[in-house]
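Visitor: I am new to reading structures, and I would like a close look at a single part of this one. Could you walk me through it slowly?

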Amino acid sequence: MAGATIDHMVAVTILIAALLLTMGIYNQMFASAVAYESNRKVAMKAVDIINTACICPGNPENWGETNTSLLGFGLQDPQAGGYALSPYSLMRLRTSSNDSQLVEYPLGSGLFYNNISANYGHGIFSPVGDCLNYTAAAKMLGINGTYGFRLDIVPTLDVNVSQVATKPLKLNVEVHGSGLPLSGATLNYHLFHVDKGEGEYPSITKYSDVNQTNSSGSVDIEFPYVMNNEPSYSFTVYVSLGGVTGVGYYTCNTLPDEDVQYVIPLIQDFDGKIIIAHNWNGDMPAVTYNTTFFVLSSDFRMHPIQIDNSTGQLDGAENPYNTTEIRAYEVGLLVISYLTPEDDMGSVILPWGVGALGVSISFGGDPTGYSFVATELRQVSVNDISYQVKVSTWSLSG
Amino acid sequence: MRTVEVLFVIVILLGALLMTIQFAVLPSPRQAFGTNLRELSQSTLETLDGKGVLTETVFEDSNDTDWGDLQKALSASLPPNVVYNLSVYDISTSSGGVINYNLANSISDAGFGVDSEAASLLVTSPDVTFTITPEKVGEKTGENNTLYILNCNEANGWWITGYTGQSLAIDLYDFLSSYFTTTVLINDTDELELLLENSTSLEGTIQNAVVMNPFGEAVPIPYNYTQNGPQWDEGYYLVDDGSQHEYYDTYSKYCYTLGVKTQQYNWTWVSIVGYPLYYVSNTETFTGPNDHNSYGIHGMIRVGPAGLNAFLRGLDGKTYDAWWWDNPNNRWVYGDGSIAREIGVVQFTSQARDKCNYYGIYPSPYQTASRALPQSIKDDYHLVATELFNRPQDNPTTSYYEPDYIPVATYRHAEGGALTAIGLTRIPDIRVSVLALLMYYNPAVYKSEFGASRTSRVVILQLGQQGGT
């Protein structure tokens, strides 16, 4: 009798142990499957978002070229189609994640501008009221409150420009692709040389030429006609090789503080109205300015276009700003040169169209702190400049 | 004994577990969450070909430096952990019609690991030239038909919203002139009069001609055919039956004359949109305050549905006389009165779709027919119709039977002359008129291809990820 009981107890113990073991294993399998399924949903949503962003122009199609409200999100260039993004739609993205990154002008006016900076002084300051913010975009994508996303749109090629020497001016251009130097690349470059000129306004002289990178992906470019001890200029270079293209730029001013621009261009509206503002931060000297809009052609040539109020005077009191208008439907660079009474000179560039100066853009939320973030990558072009679009997506429901 | 039973149970449980593990295999993390390499590959191919560089390169010799540049471009644009293989295949068709793919060249930067994905792009050599030589209308029959396009500067159009008759005339010229031996723009109503009178001073051959009227529902009228002109009796009619009814003046007589001329000269008269011949227009003659169409367009006078009815009577060789007093409605009516009906959205016939592909003209296959003509006119006026659209289903909410109405057709009279009536709503898509005309005359197009014998290549970019599974 006792033997049967012991036999029974041993049997039950072994059975329970076996059940616990198998249930534990099953539990792990189910947990993995559930995690896989939920992560899979996030990954699919990432594909959905990047496809919507890259191959849908949005509604209305030309929303980047107007001040109209947006009904459907998409960044495709409706005229180019395919994986080409609109250089204008990108300018209407509110990239600033908090208000402290916005620029208020005039101070105390309550009018704020989004700041997509290419480098100090060279940026796209667009009116916040006309920009598309992250929440609105998420609502249009149908994911507000369920998924978060972030779009990073960066040039494919890394083009670095540095000044090597003066008298004559010599610049070095280095081109890198995905970690490797790009040899044999064709360079179409433009130097916007600022000089005092004969009148009261500074002059802009454009020098353009073509060159090629050497086996280490770099090249020195000399400008024998720029013989100033302290030259003032802006330089842009468009690089192309085998269908991939990139942009680089460099600016040198003869100002006491290299990091302060005395003139800042702001976009008044997306119909092409531009505010040329005197720097409102601190006590800046009065300047005279001379500005030209250069249209960028598909073969990377620059064609100057006459604009209104191309010259003028700015100061912190009576003439704080001036306005002008450029062709809203053509990609190009608004180059502004300025001159102080002390003969200090500087130049600042407003790229009209994101690709014109190879500006990078980040738009959306912050994925920090989320356990699973799916990413997708696409190659695109923005007015013929090669870019990569990366979308990061995460679930907001945990 | 029970221990043995339990051991059996455990064996069963473990067996079930092993079977579950065997079948419930989750995909690898790369397959589940990795970058979608197929779409990355597709976007890479498309952007590299954005300015035609990829196309140029893949047709170069494999030793050409462009291949090296392409390799650098691929390495520069793809992430460091992605390896690629780009293969280019020649596409050729053997005499038996079998399509062959032969590897022309291939470049890669490393071998693939576990798996990879690929996308393809079909490219055509930039050196290839395709030419299309249309057969001239009437070339086979020896008629060598002339195309006359009304471009009268002293006429206004109606139902061509957003366009002018003159601008449409130029567009029609661009579309159609290559299909005709001679194309003539009728630049004013004096030239139109020469056309109506078969004058030899006008370029081209008036007999067997095609006359296109791009002024929509209006038609230009020469001064001489108006009320005060010397040939007023060919253009103007005063309804006067001697009864107590008020007089009713009308330019439907002009439309009747056009119908007569169409049959006499074996013309094909083309109305590009709406109700044909609903107004007559001459901005230099119709200058009175009431000479407008009630919608703000001056220089024109309403003819109404009498215009088309009169034209059809003229085309059929009937007399002009068809006015009658509609006592209940207290008005004069010509012939059958208003005959066009709104029948809604209609779709191209399969033959029309074929012709779109054949001639390379692609208007929307769905159109709204608001001025469809009844098929009864075929019997009434001895016409044979070449139709473009399928007729719609019956709509029980309307008082008429929609399948009895023809949206767009060229109506050929048994004894010569034809009318192409595009009974669609405004704004006109003149490509429908062009298609209707080409479908009626059916000229051949001879397509030629010059350049290399192998003109198309398919590019396949295969991508794989390195590291991990």
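How many bridges join strand 15 of chain A to strand 16 of chain A, and do they run parallel or antiparallel?

Guide: Happy to help! First, a word on conventions: residues are numbered from 1 along each chain as its sequence is written, while chains are lettered from A and ligands numbered from 1 in the order in which they are written. This is a predicted model, where local features need pLDDT of at least 70, side-chain atom pairs count only at pLDDT 80 or more, and totals for chains, interfaces and linings use all residues.

Now to your strands. Strand 15 (residues 287-296) and strand 16 (residues 302-305) of chain A run antiparallel and are joined by four bridges. Two strands pair if DSSP finds at least two bridges between them. Helices (H or I, at least four residues) and strands (E, at least two) are DSSP runs, numbered from the N terminus. To find your place in the pair, look for Val295(A), which stands opposite His303(A) of strand 16. The two strands form a hairpin with five residues between them. In that turn sits Phe300(A), with a positive phi of about 65°.

Let us step back to the chain that holds this hairpin. Chain A has two helices and 23 strands. Of its 398 residues, 44% are buried (20 or more other C-beta atoms within 10 Å of a residue's own make it buried, 12 or fewer make it exposed, and anything in between is partly exposed, with C-beta atoms placed from the backbone). Two residues are in contact if their C-beta atoms, placed from the backbone, lie within 7 Å. Among contacts in chain A between residues at least 6 apart in sequence, 66% join residues at least 24 apart.

One of the helices is helix 2 of chain A, residues 134-141, and its buried residues are Tyr134(A), Ala137(A) and Ala138(A). They sit on the same side of the helix because they cover an arc of only 100° around its axis, the arc being that of the directions from the helix axis to the C-beta atoms. These buried residues pack against strand 21 (361-364) of chain A. Just after helix 2 of chain A comes Gly142(A), with a positive phi near 75°.

Chain A also touches chain B, in a contact that takes 42 residues from chain A and 38 residues from chain B. On the chain B side, helix 1 (2-23), helix 2 (29-33), helix 3 (37-48), helix 4 (53-58) and helix 5 (65-77) each supply at least two residues. Helix 1 of chain B gives the largest share, eight residues. By class, this side of chain B has 20 nonpolar, ten polar and eight charged residues. Here Ala, Val, Leu, Ile, Met, Phe, Trp, Tyr, Cys and Pro count as nonpolar, Asp, Glu, Lys and Arg as charged, and the others, Gly among them, as polar.

As for chain B as a whole, its secondary structure comes to twelve helices and 25 strands. Buried residues make up 40% of its 469 residues. For a last stop, find Ala414(B), in the loop between strand 22 (408-413) and strand 23 (418-422) of chain B. Ala414(B) is exposed because it has 10 other C-beta atoms within 10 Å. Measuring from C-alpha to C-alpha, Ala414(B) and Val384(B) are 7.4 Å apart in space, though 30 residues apart in sequence.
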